[in-house]
Amino acid sequence: MEKKLSFSSSLVIGVMLFALFFGAGNLIFPAELGQLAGTHTWKAMLGFLFTGVGLPFLGILAIGFSGKKDLQDLASRIHPIYAVLFTSILYLTIGPFFAAPRTGAVAFDIGVAPFLGGFSIDLARLLFTLAFFGISMWLSMNPAKIVDRVGKYLSPLIIILLIGLIAMTLIKPMGIIQAPQDPYIESPFFKGFLEGYNTMDALASLVFGIIVIKALHAMGITNKKQILTSTMKTGFVAAGFLAIIYLGIAYLGATSVELFGQLNGGGPVLSQTASHFFGSIGLVLLGVVIMLACLTTAIGLITACGEYFHSIIPAISYKSFVIFFSTFCLVVANFGLENIINYSLPVLVLLYPLAMVLILLTFTGPLFRQAKIVYRIATVTAFLVSFVEALVKFYSLVEKQMPKWLEVINDAYIKYIPYYEQGIGWLVPVLIVAVITGTMVFITNKK
């Protein structure tokens with residue numbers, strides 16, 4: 001007899017999954033989007049929800065559907081070497097390169113910066129991040145139950161506080177939603193779509209999906225069909241909570257402009273809103289809760305990266321990786337939140353299409369017998385498009401002249417590839433080559 005996941009168990013795992021996705025850093029992006037998008041907020045949020053909620057949901061389902069033991073195993077359908085490279089870069093991206101340092105930067109911007117007064121912000125950031133990542137390293141050395149307990153209590157506390165803020169903005173709006181600002185005046189959907197990359201949740205879903213599968217196995221659910229059904233249920237719970245919070249925070253940001261003006265980032269939006277409605281107590285509570293939430297997220301990311309890289313390089317101890325990654329996070333965090341977000345964009349522009357192709361082909365794989373040729377050609381196609389776009393984003397970021405060869409290729413892509421300027425130029429070429437190679441495999445019955 002097949003064992004089914006109960007409603008209560010679905011809710012428990014779904015909330016756990018929501019807590020994994022919902023890093024405090026995710027709050028700043030819909031708040032900033034709402035401020036800039038103004039009356040185009042809902043169009044922009046549609047795109048944001050697609051990449052910030054929809055793709056993570058599909059990523060979780062893809063892991064359940066594939067039956068693979070982990071991301072590296074899944075990516076090996078393309079090539080074993082590619083699997084190691086892709087998985088390593090993904091772990092580094094959601095770990096010490098960007099997401100983990102961002103936790104310290106967000107904690108500082110929301111929990112410390114509003115109280116600095118005339119104190120040097122650079123020195124304060126250095127002292128804070130030194131303590132923040134020192135504690136993260138210490139707890140990551142010997143992951144204890146206290147971290148899990150703090151996470152369990154903090155997630156509901158954050159949700160309650162945010163719902164309180166959102167409820168106040170609905171009951172007593174801070175102002176009238178203003179006209180949209182660049183770059184949300186034209187193509188707000190596509191701008192929101194790209195903004196959703198910053199959550200990094202679609203990338204993380206390919207790692208978190210394994211955690212869900214393990215939790216289901218622990219409950220005695222091992223049948224592939226039931227795993228997929230149960231994964232879908234828990235994914236709906238997590239996706240639902242994420243969507244509600246994101247929409248509420250975006251509305252908060254959109255209605256805050258008349259009162260506060262255009263603020264620099266989502267952190268100040270949340271801080272000033274908390275202060276506006278609940279005074280200094282609300283500001284302190286928000287800061288403390290988000291600092292602790294960021295700490296538990298940092299510990300989880302550092303631990304995950306340490307375990308993965310120790311598994312592929314066993315000669316280097318887990319603790320050595322933890323020390324290295326924690327130190328690296330400390331250095332990166334002191335470049336400031338804005339720089340971390342800006343410099344992560346070219347990397348995300350490169351990685352997201354590769355992850356989306358893997359997710360797409362995982363679901364459609366049975367149609368072409370999981371033939372590796374389809375995976376490889378589709379992945380190479382996505383890489384050729386996204387690599388050029390990532391380079392263009394990088395040169396634009398550092399404000400340097402692009403090489404002539406890159407200008408020529410970029411101009412050709414703009415001219416001949418649909419939706420390239422909107423940021424999803426990889427989509428149509430990948431669909432074309434996947435259909436052609438998949439059809440050839442189906443006809444010839446070869447892998």
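Contact here means heavy atoms within 4.5 Å. Keep that cut-off at hand for the exercises below.

This is a predicted model, in which local features need pLDDT of at least 70 and side-chain atom pairs count only at pLDDT 80 or more, while totals for chains, interfaces and linings use all residues. Residues are numbered from 1 along each chain as its sequence is written, and side-chain values use heavy atoms, with hydrogens and water left out.

## Exercise 1: The overall fold

Task: Describe the secondary structure, the dimensions and the burial of the protein chain.

Solution:
- Step 1. Begin with the helices and strands, which are DSSP runs numbered from the N terminus (helices: H or I, at least four residues; strands: E, at least two). The protein chain has 17 helices and zero strands.
- Step 2. Turn to the radius of gyration, taken over C-alpha atoms, and to the globule rule, 2.2 Å times the number of residues to the power 0.38. The protein chain has a radius of gyration of 22 Å, close to the 22 Å from the rule for 447 residues, so it is as compact as a globular protein of that length.
- Step 3. Add the box: along the principal axes, the C-alpha atoms fill roughly 70 × 55 × 45 Å.
- Step 4. For burial, use relative accessible area (buried under 20%, exposed over 50%, partly exposed in between; 1.4 Å probe, protein chains only). Of the 447 residues, 53% count as buried.
- Step 5. Finish with contacts in the protein chain that have a separation of 6 or more: residues 24 or more positions apart account for 81% of them.

## Exercise 2: Surface and charge

Task: How much area does the protein chain expose, and how far apart are the mean positions of its positive and negative charges?

Solution:
- Step 1. With accessible areas from the Shrake-Rupley method with a 1.4 Å probe, the protein chain exposes about 20,000 Å². Carbon and sulfur atoms supply 69% of that area.
- Step 2. For charges, Lys and Arg count as positive and Asp and Glu as negative, leaving out His and the chain ends. Each charge is placed at NZ of Lys, CZ of Arg, CG of Asp or CD of Glu.
- Step 3. There are 27 positive and 19 negative charges, and their mean positions lie 16 Å apart.

## Exercise 3: Two domains

Task: Where are the domains of the protein chain, and how many residues does each bring to the contact?

Solution:
- Step 1. The bounds come from an automatic or database domain assignment. Domain 1 covers 7–335 and domain 2 covers 344–446.
- Step 2. Over C-alpha atoms, the centres of domain 1 and domain 2 are 26 Å apart.
- Step 3. Domain 1 gives 33 residues to the contact, and domain 2 gives 24 residues.

## Exercise 4: Three helix residues and their partners

Task: Are S136, T93 and V388 buried or exposed, and which residues do they touch, beyond neighbours up to four places away in sequence?

Solution:
- Step 1. S136 sits in helix α7 (residues 121–141). Its relative accessible area is 0%, so S136 is buried. The contacts of S136 are L295, A298, I299 and I302.
- Step 2. T93 belongs to helix α5 (residues 80–97), and at 0% relative accessibility T93 is buried too. Its partners are F98, A99, M200, L203, V347, L348 and L351.
- Step 3. V388 is part of helix α15, whose residues are 372–398. With a relative accessible area of 5%, V388 is buried. V388 meets L406, I409, N410, Y413 and Y420. From V388 to N410, 22 residues along the chain, the C-alpha separation is 6.8 Å.

## Exercise 5: Unusual backbone in the loops

Task: Which peptide bond is cis, and where are R369 and E399, with their positive phi, found?

Solution:
- Step 1. Recall the background: most residues other than glycine have a negative phi, and most peptide bonds are trans.
- Step 2. The bond from D182 to P183 is cis, with omega near 5°. P183 lies in the loop between α8 (145–171) and α9 (188–195).
- Step 3. R369 is not a glycine, yet has a positive phi of about 60°. The loop between α14 (337–364) and α15 holds R369, which is partly exposed at 29% relative accessibility.
- Step 4. E399, also not a glycine, has a positive phi of about 55°. E399 is in the loop between α15 and α16 (404–416) and, with a relative accessible area of 72%, is exposed.
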